Amino acid sequence: MSNAGTPTAPEPDGLHTFFNPLSALSGGVATTDRIRHVKLSTLTLPLDAPISDAKVLTGRQKPMTEIVFLFAEILTDNGASGIGFSYSKRAGGPAQYAHAKEIADNLIGEDPSDIGRLYTKLLWAGASVGRSGVATQAIAAIDIALYDLKAKRADLPLAKLLGAFRDSVRTYNTSGGFLQAPIDEVKERASKSLADGIGGIKIKVGHPDSKVDIARLTAIREHLGDDVALMVDANQQWDRPTAMRMGRIMEKFNLIWIEEPLDAYDAEGHAQLAAALDTSIATGEMLSSVGEHINLINHRSVDIIQPDAPRIGGITPFLRLAALADEAGLQLAPHFAMEIHVHLAAAYPREPWVEHFEWLNPLFNERLETADGRMLIPNRPGLGITLSEQALAWVTDTVEFGA
């Protein structure tokens with residue numbers, strides 16, 4: 001009678017090993033490390049000069065003069081550490097910090113590798129105020145710090161930990177193209193960006209007088225020539241008829257995309273534009289959850305989706321959204337926070353764009369490199385950033401948990 005499938009005892013020479021199928025199902029401690037200490041800090045970064053986009057010119061916002069950051073620093077029993085951040089412009093920074101302070105003690109004693117489980121734990125710890133907006137933006141700083149820690153433990157840049165498709169990403173500059181700047185200044189800064197190895201230029205539009213937009217766009221296109229990648233951003237200040245009219249006028253400028261032509265939540269209006277225009281439609285930066293982005297995807301509202309990891313709750317939800325966006329065939333151009341997004345974009349299957357802002361440079365000891373129109377993935381472990389002395393001087397409050 002055949003004894004196929006019957007386990008045999010190991011032979012004396014050790015060439016056969018007894019395999020017990022049940023052993024593969026047995027539980028165990030995957031790691032022995034635990035979160036020992038969490039430090040939260042809030043700091044205010046002053047901008048060199050007040051910044052205005054179309055929202056200011058239409059009277060909906062005041063010029064931006066500063067950015068408020070929430071930093072999370074996590075330390076484990078074995079000495080591993082991670083840092084992450086979230087931010088808010090004009091309002092909301094104190095609220096993010098307050099919410100983070102209420103939930104951060106839930107991390108103490110937990111395995112830092114269990115990022116998905118910890119995200120859910122923190123989400124439900126503060127679920128009475130919702131699962132988007134300020135609540136998840138507070139979690140974002142912690143979630144990003146946990147990914148930074150995990151990549152550092154593996155001695156890998158975050159992009160490599162996630163599974164990079166490339167070692168550099170296309171990059172474009174935004175900080176030189178705001179509406180308060182005279183067009184000669186915009187042209188000068190665009191030239192400097194290109195000389196510094198940045199590949200594209202984005203300028204702000206949405207001026208109450210559309211003739212001003214066309215004049216500025218004409219001047220910058222003539223200055224750059226036809227071969228430089230050029231984008232525009234209306235910051236949600238057009239209605240549907242204006243967006244359609246301006247989109248058709250702007251077809252002749254060979255733009256890479258028109259960004260936020262309509263209110264961020266107008267999925268149907270964006271879908272109409274995307275279907276009618278040859279120029280790609282991009283939006284998503286102002287949305288604060290994966291679900292809101294799914295609405296854009298389901299309506300076919302965008303050609304290029306623009307999530308912001310700190311705004312939608314961190315890297316955990318960003319990766320979930322990225323998978324959905326890739327499945328829908330969308331291009332990716334994450335908003336702001338290039339120190340985080342250069343890694344996430346490198347791990348996106350389709351060739352992405354990353355937005356270059358030098359505003360955050362004073363916060364960190366390190367700099368991202370650009371060359372030949374691309375931003376290079378840092379070879380430092382994790383995000384590859386450490387807080388500068390200047391950043392520490394701008395800290396307005398801190399709180400610590402654990403030993």
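**From helix α8 to the cores and the cavity**

In helix α8, which spans residues 240-249, Ala-243, Met-244, Met-246 and Gly-247 are buried. This description rests on a predicted model, and the walk through it starts from this helix. The buried residues of α8 pack against three elements, namely α7 (210-224), β7 (257-259) and α9 (267-276).

From the helix we turn to strand β6, made up of residues 229-233, which is mostly covered, with 5 of its 5 residues buried. Ala-229, Met-231 and Asp-233 point one way from β6, while Leu-230 and Val-232 point the other way, and residues of both sets are buried. Strand β5 (residues 200-204) is joined to β6 by 5 bridges, and the two strands run parallel. One of the pairs can be named: Lys-204 has Asp-233 of β6 as its bridge partner. Between these two strands the chain passes from β5 through α7 to β6, a β-α-β crossover that is right-handed.

Strand β6 is also paired with β7, through 2 bridges, and these strands too run parallel. Here Val-232 has Ile-258 of β7 as its bridge partner. The connection brings us back to the starting helix, since the chain crosses from β6 through α8 to β7, and this β-α-β crossover is right-handed.

Where do the nonpolar side chains come together? In soluble globular proteins, nonpolar side chains tend to be buried together. The largest nonpolar core of this model has 72 residues, of which Phe-69 and Trp-359 touch the most other members. Helix α4 (residues 134-153) gives the most to this core, contributing 10 residues. If residues up to four places away in sequence are set aside, Phe-69 touches Ser-41, Thr-42, Leu-43 and Leu-45, together with Phe-85, Ser-86 and Tyr-87, and also Leu-360 and Leu-363. Apart from this core lies another, of 27 residues, which includes Ile-203, Val-205, Leu-230 and Leu-262. Leu-230 thus belongs to this other core and is also one of the buried residues of strand β6.

The last feature is empty space inside the protein. How many cavities of 30 Å³ or more does a search of the whole structure find? The search finds 1 such cavity, and about 60 Å³ of space lies in the largest cavity. The residues lining the largest cavity are Met-338, Glu-339, Asn-361, Phe-364, Glu-366, Arg-367, Leu-368, Arg-380, Gly-384 and Ile-385.

Conventions
Residues numbered from 1 in each chain as written. Predicted model: local features only at pLDDT ≥ 70, side-chain atom pairs only at ≥ 80, totals over all residues. Heavy atoms only, no water. Buried < 20%, exposed > 50% of the residue type's maximum accessible area, 1.4 Å probe, protein only. Helix = DSSP H or I, 4+ residues; strand = E, 2+ residues; numbered from the N terminus. Contact = heavy atoms within 4.5 Å. Pairing = 2+ DSSP bridges. Right-handed = clockwise from strand over helix to strand, strands pointing away. Core = buried A, V, L, I, M, F, W, Y, C linked by side-chain atoms within 4.5 Å. 1 Å grid on protein atoms, 1.4 Å probe; cavity = no way out; pocket = protein on both sides within 12 Å on 5 of 7 lines; lining within 4 Å. Points joined across faces, edges and corners; volume = space filled by probe spheres on them.
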